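Could you walk me through this model in my viewer, one selection at a time? I would like to know what to pick next and what is there.

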Amino acid sequence: MQFQQLQYFVAVAETRHFTRAAERVHVSQPSLSQQIRALEKELGAELFSRARGNIALTDAGEALLPLARRILADADTARHEVQELAQLRRGRVRLGATPSLCTGLLPDVLRAFHDLHPGIELLIEEGGSHDLVRELARGALDLALVVLPLPTPSPALTTVELLQEDLVVVSSAASPAPRRPVRIADLQGEPLVMFRHGYDLRELTVAACRAEGFEPAFTVEGGEMDAVLGFVRAGLGLAVVPRMVAARAGRDLRVTALARPGLRRTIALAHRSDVAPPRAARELQRLLLRTRTAAPKGPDAEA
């Protein structure tokens, strides 16, 4: 008895037609009929009644059908499990993240994932939440780390909150120390280094300043995270950045907390609702979900 014979038997039993069954399993009708006869010979019983061209299951066929379905289902499960394990030895994960998360959150998580699954290729795409949501929707990413609330909420995406992170003010270590802690209102008139348009941090900072009744003053704008930190080190102005980024920025930057209520952002992990991520992506998802606590709150003192 062969799996292929059972597959052909189930196809005939469900279609009650040898030609249509052959089309379903992509073989010629004579080949399918030959394999059914071989199965009947092996079992010592006819499985189908073929009177006047009508195909019906015999008692033996009725007894075999649920068993055959179970055997085929078990074979599919075994094949799927082996393939899933193989995916953890090779393959890829396509992860999108905002640039600040690539700098702050991801290095440690990706190192842990690489240590566990060194054969998995990690493809990282940086972008704003709006761009990442679009890439998820068109299937170009398996997972994405985004900032909530999404600019355009989508029912086609599932989001799980990972953490809430404080924002802090960074300045050059060579510049005069700002008051501690800094209020948003204290940023009025201060030279700010600002991210490019489309950056979640830009929108959050500008909105907070406007809520205090003023427009922020930019000395330099349009950079990515590394460029912004470099401009701050050079003494061109202050910047509002996530605490995790500031913690990795080095001792040539001063880190100052924002006065209560301060500014916080919510980080979430997103994937498509209609498609389950591949096994390797689910393993990375599991590691990321272990960060579902408040982000570490480093000391408020200068760094």
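Start by selecting residues 106-116, helix α6, together with residues 279-289, helix α11: in this predicted model, the two helices pack with their axes 10 Å apart, at an angle of about 130 degrees. Because an angle between 115 and 145 degrees falls outside the parallel, antiparallel and perpendicular ranges, α6 counts as oblique to α11. The crossing of α6 past α11 is right-handed.

Now show the side chains where these helices meet. On α6, pick Leu106, Val109, Leu110, Ala112, Phe113 and Leu116; on α11, their partners are Ala280, Glu283, Leu284, Arg286, Leu287 and Leu288. Colour the contact of α6 with α11 by class and you should find 10 nonpolar residues, two charged and no polar ones.

Next, move to another helix pair. Select α1 (residues 3-15) and α3 (residues 29-43), whose axes come within 9 Å and cross at roughly 110 degrees. That angle makes α1 roughly perpendicular to α3. From α1, the contact draws on Gln4, Gln5, Leu6, Tyr8, Phe9 and Val12, while α3 brings Leu32, Gln35, Ile36, Ala38 and Leu39. Which classes do the residues of the contact of α1 with α3 divide into? Eight are nonpolar and three are polar, with no charged residue.

Time to go inside. The largest nonpolar core has 31 residues, and those touching the most other members are Val170, Ile184, Leu187, Phe195, Met225 and Val241. To see what builds this core, highlight the elements that each supply at least two of its residues: strands β6 (157-172), β7 (191-195), β9 (239-242) and β10 (253-257), plus helices α8 (200-211), α9 (225-233) and α10 (243-247).

Zoom in on Leu187 for a moment. Setting aside neighbours within four places in sequence, Leu187 is in contact with Val182, Leu192, Phe214, Leu238 and Val240.

There is also a second, separate core, made of 25 residues. Select Leu110, Leu145, Val147 and Leu163, which are among its members. You have already met Leu110 on α6, in the contact with α11.

For the last stop, find Thr152 in the loop between β5 (143-148) and β6. Is Thr152 buried or exposed? Thr152 lies in between: its relative accessible area is 42%, so it is partly exposed. Finally, draw a distance from the C-alpha of Thr152 to that of Val133: the two are 19 residues apart in sequence and 8.5 Å apart in space.

Note on methods
Residues are numbered from 1 along each chain as its sequence is written. This is a predicted model: local features need pLDDT of at least 70, side-chain atom pairs count only at pLDDT 80 or more; totals for chains, interfaces and linings use all residues. Side-chain values use heavy atoms; hydrogens and water are left out. Axes are lines fitted to C-alpha atoms, for helices over the stretch in contact, and angles run from 0 to 180 degrees between N-to-C directions. Helices (H or I, at least four residues) and strands (E, at least two) are DSSP runs, numbered from the N terminus. Angles under 35 degrees count as roughly parallel, over 145 as roughly antiparallel, 65 to 115 as roughly perpendicular and the rest as oblique. Contact means heavy atoms within 4.5 Å. Ala, Val, Leu, Ile, Met, Phe, Trp, Tyr, Cys and Pro count as nonpolar, Asp, Glu, Lys and Arg as charged, and the others, Gly among them, as polar. A nonpolar core is a set of buried Ala, Val, Leu, Ile, Met, Phe, Trp, Tyr and Cys residues joined through side-chain atoms within 4.5 Å. Buried means under 20% relative accessible area, exposed over 50%, partly exposed in between (1.4 Å probe, protein chains only). A crossing is left-handed if the near helix is turned anticlockwise from the far one by less than a right angle, and right-handed if clockwise.
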